[in-house]
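Biologist: Could you take me through this structure slowly, and tell me each time what a descriptive word rests on?

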Amino acid sequence: MRRIKNYGMAFCLAASMLANTELKVEAQSNFNSYSYDEWDESVAAPASYQPVIARNGLEIGSGPLNTPQDFFMDRDGHLYVADTGNNRILILDKDLELLDTLETVRMNGEEIPLTDVEGLYVTEDRVMYVTQTSEGRVLIIEDGEVKGTIERPVSNLVTEDFVFSPTKIGLDIYGRSYVLSKGCYSGLLQFDVDGSFMGFFGANKVEVTAQVAFNYMWKSILSDEQRAAMTSILPIEYSNVDCCEDGFVYTSTVGTQLPRSQIKKLNPLGNNIYYALGNEEFNFGDEEFSYNKGKANYPSFIDVKTNERGFIFAVDLTSGRIFERDQEANLVAVFGGMGSQLGTFTTPVAVETYGDRVYVLDRLKNNITIFEPTEYGALVEEAICRYNDGLYEEASALWMEVLARNANSRLAYNGIGKAYTQAEEYTDALQYLRYSGDKYSYSRAFGKNRLVVVRKYGPYFIALAVCAAAALSVRRRIVRRKKK
């Protein structure tokens, strides 16, 4: 840390002079790139991701797509696209070249069409789990043949009027299935490996808005008949699910009236554990909102995906932007937007990752866009990974390079401050954490620095206090003797 410390101020001075220059060096994009300062106000930032290619059905070689609803990337780089309007599944390679088309499958000796497919998941053995929403079932397909199905659960937990309309599906590392059903407000439907229903998993909570509080007040004074006549207040249903290799289930939510906790990380008990440091709720999307007739246009996340390095990507249906955050909820990158140019969308509905690439599916444009990280974006991600691996000095060196490119980077100040904290150089840590706006990390460093000061100077203070007390005692005795 000493070597980094000696050149720290030089890097900071260089950052202020080179920030504008570096912004021009980065490749031009069709969308604005920004981050947030310590006051949660947006500031310009170098582009972290750039679009490299966008292809529609004609360019892929499959013919026009028709309102595709979902896609899934397997470990081998095969992209499975649910071309819902055309009643088929396309299989592409990582460069969006057509490999195969699946329009029918064999079931009980007969060929059946793949109608109304809204979601899919593919295992390592290339077993496909395909949701047929209108048919009310999930097909388990292997080598073009249906090996099993997941259908309406029979359980005391399910009411008689429950309609099983599966839209999205994910499988965890143990082979258990998590299914989203249209109109289900009780959470994800969890099925065991053999297809048996295990129960509901991780339901959203009712959002505490002014209307909810008002209705609750009225229900406390109304009769049973009057309460029954009132409109029921239900939690918001999930929009998508991603089962990650870390064993956690990530979910996204659309149409919320509050901007917080729209992306959740559910543990095996179904509890959300994805919070900012200090167990604080946060906005996964923008901190600044546009307003329409006095109402804020909150983000509405349609899909979520976690890549192999632990970074979380989510697509905002309202703004068309893709937000990337790390496991501590720090904003890493923002890219995309609404429009007709390369890298912008009309109705983005799904996001996938493979390696360092990000894939986005647009339902109305009927195309797929591939993004790749810029040099700046790769630098930021590498710095975060180095810190998470315990390589604090290497991470600090990378964060210094980030500051040289972007003097507004809260992440860089925060990363350097945390690295100094781990190296027990708390005075330097406080200088950087002050600019990061991370009150939690600053408080921790401040407390540890105070403890160091107490341990360093405490014995001298105690010795001085003892000497002062002894001197005062001697003086009192001398005064008493003189008086006698």
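**Reading the words against the values**

Modeller: In this predicted model, let us begin with two helices, since the axes of helix H5 (residues 375-388) and helix H7 (residues 410-422) come within 11 Å and cross at roughly 20°.

Biologist: What makes H5 roughly parallel to H7?

Modeller: Angles under 35 degrees count as roughly parallel, and the axes of H5 and H7 cross at roughly 20°, so H5 is called roughly parallel to H7. As for its handedness, the crossing in which H5 passes H7 is left-handed.

Biologist: Why is H6 called roughly antiparallel to H7?

Modeller: Helices H6 and H7 have axes 9 Å apart and pack at an angle of about 155°. An angle over 145 degrees counts as roughly antiparallel, and therefore H6 is described as roughly antiparallel to H7. Here too there is a crossing to name, and H6 passes H7 in a left-handed one.

Biologist: How do you know that the side chains of Glu375 and Arg405 meet in a salt bridge?

Modeller: The rule asks for a side-chain nitrogen of Lys or Arg within 4 Å of a carboxyl oxygen of Asp or Glu, and for Glu375 and Arg405 the N to O distance is 2.7 Å, so the pair is counted as a salt bridge. Glu375 lies in helix H5 and Arg405 in helix H6 (residues 392-405), so this pair ties together parts that are 30 residues apart in sequence.

Biologist: Which of the words buried, partly exposed and exposed fits Glu375, and which fits Arg405?

Modeller: Exposed means over 50% relative accessible area and buried means under 20%. Glu375 has 55%, so Glu375 is exposed, whereas Arg405 has 16% and is therefore buried. Besides this pair, Lys94, Asp95, Arg357 and Glu372 are joined into one network by salt bridges that share partners.

Biologist: How many salt bridges does a search of the whole structure find?

Modeller: The search finds 20 salt bridges. Among them is the one between the side chains of Asp286 and Arg321, with an N to O distance of 3.0 Å. This pair links distant parts of the chain, 35 residues apart, with Asp286 in the loop between strand S20 (263-266) and strand S21 (291-292), and Arg321 in strand S25 (residues 321-325).

Biologist: Why is Arg321 called partly exposed, and what is the word for Asp286?

Modeller: Partly exposed covers the range between the two limits of 20% and 50%, and Arg321, at 25% relative accessibility, therefore counts as partly exposed. Asp286 is at 9%, so Asp286 counts as buried.

Biologist: What makes the contact of Glu352 with Lys305 a salt bridge?

Modeller: The closest N and O atoms of Glu352 and Lys305 are 3.7 Å apart, and the limit is within 4 Å, so the pair meets the rule. Glu352 lies in strand S27 (residues 348-354) and Lys305 in strand S23 (residues 301-306), so the salt bridge ties together parts that are 47 residues apart in sequence. Glu352, at 4% relative accessibility, counts as buried, and Lys305 is buried too, with a relative accessible area of 11%.

Biologist: Let us turn to the loops. What is notable about the phi of Asn87?

Modeller: Asn87 has a positive phi of about 55° although it is not a glycine. Asn87 is found in the loop between strand S5 (79-83) and strand S6 (88-92), and because its relative accessibility is 31%, Asn87 counts as partly exposed. Asn108, in the loop between strand S8 (104-107) and strand S9 (110-113), likewise has a positive phi, near 55°, in a residue other than glycine.

Biologist: What makes Asn108 count as exposed?

Modeller: The word requires over 50%, and Asn108 stands at 75% relative accessibility, so Asn108 counts as exposed.

Biologist: How do you know that Ala47 counts as buried?

Modeller: Ala47 lies in the loop between strand S2 (42-44) and strand S3 (49-56), and its relative accessibility is 6%, which is under 20% and therefore counts as buried. The C-alpha atoms of Ala47 and Tyr376 are separated by 7.2 Å, although the two residues are 329 residues apart along the chain.

How values were computed
Residues are numbered from 1 along each chain as its sequence is written. This is a predicted model: local features need pLDDT of at least 70, side-chain atom pairs count only at pLDDT 80 or more; totals for chains, interfaces and linings use all residues. Side-chain values use heavy atoms; hydrogens and water are left out. Axes are lines fitted to C-alpha atoms, for helices over the stretch in contact, and angles run from 0 to 180 degrees between N-to-C directions. Helices (H or I, at least four residues) and strands (E, at least two) are DSSP runs, numbered from the N terminus. Angles under 35 degrees count as roughly parallel, over 145 as roughly antiparallel, 65 to 115 as roughly perpendicular and the rest as oblique. A crossing is left-handed if the near helix is turned anticlockwise from the far one by less than a right angle, and right-handed if clockwise. Buried means under 20% relative accessible area, exposed over 50%, partly exposed in between (1.4 Å probe, protein chains only).
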